[in-house]
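Please read the following report alongside the sequence and the model. It takes up a few sites in turn and then turns to confidence.

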Amino acid sequence: MWHLLGGGARSALLADPDRDVRTAASLQVMEQDEERTAELVRTQADTWRLGEVVERGRLGRALAERLVAEEVLLARLALNPALPADLAAGLADHEDPAVRLAVSARPELSEDERAAIDWRIGPEDRLPGLWWVWNARHDPQTLRRCATSAHTWLRRSAASCPELPQDCVELLADPGTETAAAANPALPPAEMAALLDREGIPG
């Protein structure tokens, strides 16, 4: 909805007297605006909102280096494609497994680079879809790359996209493929039921 608003309407929301309205508007802007991201990092006391900022905001180099040095929500920060690749690579062997997992799911990595990171996802682990995969849901090449990845999180994220190419739907619905494609409306009902049962997810 934000992208449908004119510049005047956006400015009005960013200047609204209600702090929650201003914050919500700022969160919409930050993906393209380094200054807005930096401002939100300075002003957000709420951990959940700060997590949104460091994961999705547009990061300037200086801010990114400071967030890494201060270890600000690194597991969220490492998921941000705007985090410079060299800074993300420096977190690949972090002692926190959540940070290593986040680094392993970054879009710029090759399959070999992902495999070199010590990440783990258990069969009972429930992870949110990777937002960069969702944002690329109209790009068949990206969806195919994720659907055929050895990385469970990428496969699960691709499986939730209704635009997933049919050959990938069939691949992820195959009983031999470990994934949670239960959210994909492209799956036929019978395959959906079988997949839910295999994954241990209530239908």
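## Arg-106 and its polar partners

In this predicted model, the side chains of Arg-106 and Glu-108 are joined by a polar contact of 2.7 Å. A polar atom of the Arg-106 side chain also lies 2.7 Å from the backbone oxygen of Asn-80, so that this side chain, in a residue that counts as buried because its relative accessible area is 1%, has both a side-chain and a backbone partner.

Arg-106 belongs to the loop between α8 (97–104) and α9 (111–115). When neighbours within four places in sequence are left aside, the residues in contact with Arg-106 include Ala-78, Leu-79, Asn-80, Pro-81 and Leu-83, and also Ala-85, Ala-88, Arg-114 and Trp-132.

## Thr-37 in helix α3

Is Thr-37, a residue of helix α3 (residues 34–43), buried or exposed? Its relative accessible area is 0%, and because residues under 20% are classed as buried, Thr-37 is buried.

The side chain of Thr-37 has polar partners in the backbone: one of its polar atoms lies 3.1 Å from the backbone oxygen of Asp-33, and the backbone nitrogen of Arg-58 lies 3.0 Å from a polar atom of the same side chain. Not counting residues up to four places away in sequence, Thr-37 touches Met-30, Val-53, Gly-57, Arg-58, Leu-59 and Leu-63. Val-54, which is 17 residues from Thr-37 in sequence, is 8.0 Å from it in space when the two C-alpha atoms are compared.

## Helix α11 and its covered side

Within helix α11 (residues 140–147), the buried residues are Thr-142, Leu-143, Cys-146 and Ala-147. These residues lie on the same side of α11, because they cover an arc of only 130° around the axis. Among the elements that cover them are α10 (131–135), α12 (152–159) and α13 (166–173).

At the start of α11, a side-chain oxygen of Asp-139 comes to within 3.1 Å of the backbone nitrogen of Gln-141.

## Positive phi values between α5 and α6

Glu-71 is placed in the loop between α5 (61–69) and α6 (74–77), and its phi is near 55°, a positive value in a residue other than glycine. Leu-73 is found in the loop between α5 and α6 as well, and the phi of this residue, which is likewise not glycine, is positive and near 45°. With a relative accessible area of 29%, Leu-73 is partly exposed.

## Aromatic rings

How many aromatic pairs does a search of the whole structure find? The search finds 0 such pairs. An aromatic ring does, however, have a charged partner: the charged end of Arg-56 sits over the ring of Trp-131, at 4.5 Å from the centre of that ring.

## Confidence along the chain

The average pLDDT of the chain is 80, and 73% of the residues score at least 70. Among the elements of the chain, the highest mean pLDDT, 97, belongs to helix α7 (residues 85–89), whereas the lowest, 50, belongs to helix α14 (residues 189–199).

Over residues 1–5 the pLDDT stays under 50, and the model has 9 contacts beyond four places in sequence for this stretch. The pLDDT is also below 50 over residues 198–203, a stretch that has 15 contacts in the model beyond near neighbours in sequence.

Technical notes
Residues are numbered from 1 along each chain as its sequence is written. Side-chain values use heavy atoms; hydrogens and water are left out. Buried means under 20% relative accessible area, exposed over 50%, partly exposed in between (1.4 Å probe, protein chains only). Contact means heavy atoms within 4.5 Å. A polar contact is a pair of N or O atoms within 3.5 Å; within protein, one must be able to donate a hydrogen and the other to accept it, and residues adjacent in sequence count only if both atoms are side-chain atoms. Helices (H or I, at least four residues) and strands (E, at least two) are DSSP runs, numbered from the N terminus. pLDDT is the predictor's confidence in each residue, from 0 to 100. Rings of Phe, Tyr and Trp (its six-membered ring) pair if their centres lie within 6.5 Å; planes under 30 degrees apart count as stacked, over 60 as edge-to-face and the rest as tilted. A charge sits over a ring if NZ of Lys or CZ of Arg is within 6 Å of the ring centre and within 35 degrees of the ring normal. The arc is that of the directions from the helix axis to the C-beta atoms.
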